[in-house]
Amino acid sequence: MKRFFPVWVFPILVAFAFLTVWLRLTVVKTTYELNQTSKMLHNLKLENEQMELKVAQLRSPRRLEALAKQKFKLNPPSPDRIIPMKEGTL
């Protein structure tokens with residue numbers, strides 16, 4: 001009986017099969033990690049936007065004025081306490 005394939009063909013086919021499975025698993029793992037990183041980046045961007053909004057609210061002139069009046073009992077200066085400055089001096 002005549003052989004159709006040489007003996008060395010089977011180990012090479014098995015090696016290619018293992019290599020194909022390994023590559024596919026690596027691609028799936030890398031894709032999963034990219035998706036997780038993308039989700040984390042999106043969440044961090046949302047958190048950054050929320051923090052910027054919070055900072056803007058805390059720096060609001062209305063809030064600062066109300067805080068100055070309520071907590072520190074400050075009032076706007078009377079006109080005689082305002083010192084006009086010459087242009088270009090700082």
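A salt bridge here means a side-chain nitrogen of Lys or Arg within 4 Å of a carboxyl oxygen of Asp or Glu. Keep that cut-off in mind, because the pair Lys 69 and Glu 65 gets under it, at 3.4 Å from N to O. One thing to say early: this is a predicted model.

**The salt bridge in α2**

How many salt bridges does a search of the whole structure find? Just one turns up, and the side chains that meet in it belong to Lys 69 and Glu 65. In general terms, side chains of opposite charge can pair when their charged atoms come close. As for the spacing, Lys 69 and Glu 65 sit four residues apart in helix α2, so about one helical turn separates them.

Neither partner is tucked away or fully out in the open. Lys 69 has 40% relative accessibility and counts as partly exposed; Glu 65 is also rated partly exposed, with 44%.

**The chain as a whole**

Now step back to the overall picture. The protein chain has two helices and zero strands. Its radius of gyration is 35 Å, while the globule rule gives 12 Å for 90 residues, so the chain is more spread out than a compact globule. The C-alpha trace tells you about the dimensions too: along the principal axes it spans about 120 × 35 × 15 Å.

Buried or exposed, what do the residues look like in bulk? Of the 90 residues in the protein chain, 1% are buried. The chain exposes about 9500 Å², and 67% of that comes from carbon and sulfur atoms.

**Far apart in space**

A few C-alpha pairs give a feel for the distances involved. Here they are side by side, with the separation along the chain and in space.

| Pair | Apart in sequence | C-alpha to C-alpha |
|---|---|---|
| Glu 65 and Ala 15 | 50 residues | 75 Å |
| Leu 64 and Asn 35 | 29 residues | 42 Å |
| Glu 87 and Leu 53 | 34 residues | 35 Å |

**Helix α1 and its nonpolar patch**

Helix α1 covers residues 9–58, and Ile 12 has its place there. Ile 12 also helps make a nonpolar surface patch of about 660 Å², along with Trp 8, Phe 16, Leu 19, Trp 22 and Leu 23. Patch residues need over 30% relative accessible area. Ile 12 clears that bar because its relative accessibility is 36%, a value that counts as partly exposed.

**Leu 64, next door to the salt bridge residue**

Back in helix α2, you'll find Leu 64. Which residues does Leu 64 touch, once those up to four places away in sequence are set aside? Leu 58 and Arg 59 are the ones. Leu 64 is partly exposed, at 43% relative accessibility.

**After α2**

Helix α2 runs over 61–70, and Glu 87 is found in the segment after it. Lys 73 lies in the segment after α2 as well. Lys 73 has a backbone quirk: its phi is near 55°, a positive value in a residue other than glycine.

Are these two residues buried or exposed? Glu 87 is exposed, with a relative accessible area of 85%, and Lys 73 counts as exposed at 64% relative accessibility. The cut-off for that label is over 50%.

**Putting it together**

So what's the short version? Picture a predicted model with two helices and zero strands, more spread out than a compact globule. Helix α1 holds Ile 12, part of the nonpolar surface patch. Helix α2 holds the pair Lys 69 and Glu 65, whose side chains meet in a salt bridge. The segment after α2 includes Lys 73, with its positive phi, and Glu 87.

Notes. Residues numbered from 1 in each chain as written. Predicted model: local features only at pLDDT ≥ 70, side-chain atom pairs only at ≥ 80, totals over all residues. Heavy atoms only, no water. Patch = residues over 30% accessible without salt bridge, like charges linked within 9 Å, V, L, I, M, F, W, Y side chains within 5 Å. Areas by Shrake-Rupley, 256 points an atom, 1.4 Å probe, with all protein chains shown as cover. Buried < 20%, exposed > 50% of the residue type's maximum accessible area, 1.4 Å probe, protein only. Contact = heavy atoms within 4.5 Å. Rg over C-alpha atoms; globule rule 2.2 N^0.38 Å.
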